[in-house]
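Welcome! Here is a short guided tour for anyone meeting this structure for the first time. Take a look at the model, then follow the topics below.

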Amino acid sequence: MTPQTVLDALKGVMDPDLGVDVVTLKFVKDKDISVDGGRVAVAIEAATPSPSKRDVLAARVREAVGALPGVTDVDVETTFVVKSVSAPEHGKPPLPGVKNVIAVGAGKGGVGKMGARVGVLDADIYGPNVPIMFGLQAQLESDGKKIRPAEKYGIQVVSMGFLTQEEAPMIWRGPMLHSAIQQFCREVAWKDIDYLVVDMPPGTGDVALSLSQTVPAAGAIVVTTPQQVSLADSRRAVRMYQKLKIPVLGLVENMSFYECTNCHHHADIFGHGGGEQVAHQIEIPFLGRLPLYQPIRVGSDRGIPLVIAEPDSAGTKSFMDLAETVMSQLAIDAHKAIVANKGKIPLIQVK
């Protein structure tokens with residue numbers, strides 16, 4: 001039994017997202033394998049931070065190595081590799097400290113949006129409510145060169161809400177919006193961000209155009225609700241991102257059903273299946289459904305995210321499933337981009 005014997009066995013282990021074996025992907029090498037009699041230890045990288053996908057990969061490794069003659073125990077340690085989906089473009093260099101920029105928006109207002117190492121850029125200049133949802137009352141500070149983002153729950157946050165009084169209206173024209181978006185992207189000291197989630201304002205206006213002109217975006221997520229008025233606006237939002245050459249990662253149906261906090265009965269208050277049907281019609285992925293669940297509203301008002309307040313709830317599972325789906329889609333897109341560019345897009349490892 002040698003590390004090479006184990007490595008040969010791992011050539012049959014496929015990454016659950018990419019469909020390519022882990023040896024070809026260089027997610028494991030002979031130096032990552034140790035053999036002590038019948039005990040084998042393998043350190044392997046995954047394409048995504050997704051815990052469920054890493055568990056699947058670890059199980060496949062254990063099965064493949066455990067089938068070798070003489071192996072009595074297999075210990076698998078998984079890390080993950082975060083890749084940048086977007087290559088730098090002319091006039092749009094990558095943001096320092098940020099690997100992937102994800103725009104999350106909706107054609108219609110009032111449908112709700114939420115979302116490794118994560119940052120949130122609140123680009124809803126006219127209605128900056130991210131600080132409320134995070135329970136943040138901080139003032140942004142500067143080191144003399146760049147703005148330091150606020151941080152809570154391990155998430156870095158920048159919002160116009162930190163720079164204005166609570167009831168002060170933002171009466172700005174397009175050029176001022178463009179300047180604010182550029183400043184929040186280029187003049188913030190983002191630190192080691194795998195996914196920068198940009199909370200977009202509703203509609204198809206100046207902010208989306210400014211973002212597309214400022215940074216190479218990994219993709220956009222469109223949020224809708226099941227009723228027809230929201231679905232029609234979501235179609236427009238999808239077409240807008242496509243016209244701006246921002247890849248559409250998929251569509252999320254929020255307030256998909258009402259979940260009673262007492263009996264946990266589900267009721268389709270706004271209709272059923274509209275989001276998935278529209279995603280199919282306009283040929284984009286359907287990323288999942290999120291419930292209309294009272295603790296989400298309560299937590300948002302109090303600044304305590306549902307995943308913190310109720311980590312084991314069905315609502316939290318819906319958000320976690322959505323996050324894992326998006327991370328997997330980004331990993332697949334990054335792999336395709338690297339193959340298409342013959343490895344010219346750099347891989348950035350985070351453990």
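Of the 351 residues of the chain, what percentage count as buried? The share is 48%. Please keep in mind that this is a predicted model. Its chain folds into 10 helices and 16 strands, and its accessible surface comes to about 17100 Å². Carbon and sulfur atoms account for 53% of that surface.

**The open sheet**

- A good place to begin is the open sheet of 8 strands, which follow one another in the order β8-β9-β5-β10-β4-β11-β12-β15.
- The pairing in this sheet is mixed.
- At the edges you will find β8 (150-152) and β15 (286-289), each of which pairs on one side only.
- On average, neighbouring strands of the sheet are turned by 25° against each other, direction ignored.

**Strand pairs to look for**

- Strand β5 (residues 118-122) is joined to strand β10 (residues 193-199) by 5 bridges, in the parallel sense.
- Within this pair, Val118 has Tyr195 of β10 as its bridge partner.
- Strand β10 also pairs with β4 in the parallel sense, this time over 6 bridges, and here Val98 stands opposite Ile193 in β10.
- Strand β4 runs parallel to β11 as well, with 4 bridges joining the two; Gly105 stands opposite Val222 in β11.
- How many of the residues of β4 are buried? The count is 8 of 8, so to speak a mostly covered strand.

**Helices packed on the sheet**

- Helix α7 (residues 274-281) packs on the sheet and touches β11 (219-224), β12 (248-253) and β15.
- The direction of α7 makes about 160° with that of β12.
- Helix α10 (residues 314-340) lies across β4 (98-105), β10, β11, β12 and β15, and α10 runs at about 165° to β12.
- One residue to pick out in helix α10 is His335.
- His335 has a relative accessible area of 17%, which is under the 20% cut-off, so His335 counts as buried.
- Leaving aside residues up to four places away in sequence, His335 touches Leu18, Val20, Leu25 and Lys83.

**The helix at the start of the chain**

- In helix α1 (residues 3-10), the residues Val6, Leu7 and Leu10 are buried.
- Why do the buried residues of α1 line one face of the helix? Seen down the axis of α1, they fall within an arc of 100°, and therefore they share one face.
- These buried residues pack against β1 (33-36), β2 (39-46) and α2 (51-66).

**Nonpolar cores**

- In soluble globular proteins, nonpolar side chains tend to be buried together.
- The largest nonpolar core in this model has 48 residues.
- Which members of this core touch the most other members? They are Leu121, Trp190, Leu196, Met200 and Tyr241.
- Not counting residues up to four places away in sequence, Tyr241 touches Ala103, Gly105, Met200, Ala220, Val222, Ile246 and Val248.
- There is also a second, separate core of 25 residues, with Val23, Phe27, Ile44 and Leu68 among them.

How values were computed: Residues are numbered from 1 along each chain as its sequence is written. This is a predicted model: local features need pLDDT of at least 70, side-chain atom pairs count only at pLDDT 80 or more; totals for chains, interfaces and linings use all residues. Side-chain values use heavy atoms; hydrogens and water are left out. Buried means under 20% relative accessible area, exposed over 50%, partly exposed in between (1.4 Å probe, protein chains only). The arc is that of the directions from the helix axis to the C-beta atoms. Contact means heavy atoms within 4.5 Å. A nonpolar core is a set of buried Ala, Val, Leu, Ile, Met, Phe, Trp, Tyr and Cys residues joined through side-chain atoms within 4.5 Å. Two strands pair if DSSP finds at least two bridges between them. Axes are lines fitted to C-alpha atoms, for helices over the stretch in contact, and angles run from 0 to 180 degrees between N-to-C directions. Accessible areas come from the Shrake-Rupley method with a 1.4 Å probe; for residues, only the protein chains shown count as cover.
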